[in-house]
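Biologist: I should like to learn how surface patches and salt bridges are read from a structure. May we work through a case together?

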Amino acid sequence: MASQTPRSPSSPKAQDKNRKTALQESTMQPPVVPAAEGAQESHKVPWATLVKAYTQIQLSILEAQRGRLLASLNPLDLNQDLPPPMPPMPEKKSWGDQEPLSKVPFQILTGHQHIVSSCHFCVDDTKLLSGSYDCTVKLWDAVDGSLIRNFENGPKAPVLECSVPADNRRITAAAYDKTLRTWDLETGKLLWKISHESFISSCKFSPDGKYVVSGLDVDCGICLIDAENAKTVSYVRDHHKRSVTACCFDPDSQKVASVSLDRSIKIWDVTSQATLLTIANAHTNAISNCCFTFSGHFLCTSSWDKTLKIWNVHTGEFRNRGACVTLMQGHDGSVSSCHFARDTSFLVSGGYDKTVAIWDVAEGYRKLSLKGHNDWVMDVDISSDKKWILSASKDMTMRLWNIEEIDQIPLVIECKKALGLKLEQCKECDRPFSIYESDILSEAVTKCVFCRIDAKNLSAKSSSTEEKDLPARECSLMPTGPFE
């Protein structure tokens, strides 16, 4: 039996070969190494943890952006690398300034949904009254501009005009549905309602609160209503040749002035129910509105011919001469409304050029033009203390202008200097009036234009009376017999 060849002991080459084989095996199957003490076992991260981490990252980014935005809005932050601030949301302001040289603050009253056709101060200038084409009549607080009430049972058609008497007990309003309504001012309760056969273009309470006069469109006349029982006192048809555009009472509630599309003015007496005065062709275009001074001696008319005229309706001499004061170069379009201050020191008018003009009545020039409305100015009024002007517009708003310091406004001062005017006090009625400094008779003028006109008319009337009496006196002095 053959014997096996004995193996030789391990040689260095054999050891190297065995070492390489071990390395290959270790590479293919790494040995399991026991974990160190306190070490955590590796595993996958749960989805809930990932979502929570993502949310925290997003919140951190938002907070950082917010911090940068707040820092950019900080006026003390001088970091120029920050992004520009976001534009602020437009804020609606109720007060504003006019042109740089005028500086007349005003408050905007919003609440109507259509054209605001009429506006008035009432209750000692603490309340405001308005009528609108949105078929409502509203009462406002003049202090903060808040709405107090809508008058109940209002018309179903656009309101053309509203009016309030001096005692502030009631108000009246005329609408396109041919109705005239009267409410209690304090309670807002409807007192009475009447309907006309013709459209009503205008309505006014008498200052004493006894009557309401309305201007008629198709009938071209006026209608006088008893304010207590709503009974018709007088109905005057064809008072004018064309539609009546406006009417108003004198301060004594004894006369009614009416104006028309036929360009005429009529003064009608309440007691005798007869026409006292007619001025034909008073303007070159339709007359839109009229108002008396608080003395009742003068009447202002506004017209589509872009002018206003002040007429003396107190003396008989006026009926023969027809003299008046014309106010021009105040509006660029038709003049819609006019109103005198209580002391007749100035006049306010509204126009279709979207402006409110303030006039120096004595010298017949425009002191200031108030700009702020975005459409036609439909109506204007002046507070009793002469500190505020109220205007109603086609832009569905009213504006309350503060003119308390109008004589200190640079634009007004510059205008007076340009015209060479200085301010004086009337010794007859204490009204302030302007005169020209260059006038050689300026030192001798101590009365306003109204007192001067009244004095002139009185003098002319007395002279006329003396002339009539002169033949009688001469006859009485003549000898009665041929030889005496």
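The dialogue below takes up salt bridges and then a surface patch.

Modeller: Please keep in mind that this is a predicted model.

Biologist: How many salt bridges does a search of the whole structure find?

Modeller: The general idea is that a side-chain nitrogen of Lys or Arg must lie within 4 Å of a carboxyl oxygen of Asp or Glu. In this structure, the search yields nine salt bridges. One of them joins the side chains of Arg169 and Asp167, at 3.8 Å from N to O.

Biologist: Are Arg169 and Asp167 buried, exposed or partly exposed?

Modeller: Buried means under 20% relative accessible area, exposed means over 50%, and partly exposed lies in between. Arg169 has 45% relative accessibility and therefore counts as partly exposed. Asp167 is also partly exposed, because its relative accessible area is 35%.

Biologist: Which residue meets Glu228 in a salt bridge?

Modeller: The partner of Glu228 is Arg170, and the N to O distance is 3.3 Å. This pair links distant parts of the chain, 58 residues apart. Glu228 lies in the loop between strand S13 (222-226) and strand S14 (232-236), whereas Arg170 belongs to strand S8 (residues 170-175).

Biologist: Why does Glu228 count as exposed, and why does Arg170 count as buried?

Modeller: Glu228 has 54% relative accessibility, so it counts as exposed. Arg170 has 4% relative accessibility, so it counts as buried.

Biologist: Where in the chain are Lys387 and Glu404, which form another salt bridge?

Modeller: The closest N and O atoms of Lys387 and Glu404 are 3.6 Å apart. Here too the pair links distant parts of the chain, 17 residues apart. Lys387 is in the loop between strand S27 (377-382) and strand S28 (388-393), and Glu404 is in the loop between strand S29 (397-402) and helix H4 (410-419). Lys387 is partly exposed, with a relative accessible area of 32%, and Glu404 is partly exposed at 47%.

Biologist: Which residues are joined into one network by salt bridges that share partners?

Modeller: They are Glu197, Asp219 and Arg237.

Biologist: Let us turn to the surface patch. Which residues make the nonpolar patch?

Modeller: A residue qualifies for a patch if it has over 30% relative accessible area and no salt bridge. Here, Tyr176, Phe199 and Val218 make a nonpolar surface patch of about 280 Å². Phe199 is in the loop between strand S10 (190-195) and strand S11 (200-205). Because its relative accessibility is 32%, Phe199 counts as partly exposed.

Key
Residues numbered from 1 in each chain as written. Predicted model: local features only at pLDDT ≥ 70, side-chain atom pairs only at ≥ 80, totals over all residues. Heavy atoms only, no water. Patch = residues over 30% accessible without salt bridge, like charges linked within 9 Å, V, L, I, M, F, W, Y side chains within 5 Å. Areas by Shrake-Rupley, 256 points an atom, 1.4 Å probe, with all protein chains shown as cover. Helix = DSSP H or I, 4+ residues; strand = E, 2+ residues; numbered from the N terminus. Buried < 20%, exposed > 50% of the residue type's maximum accessible area, 1.4 Å probe, protein only.
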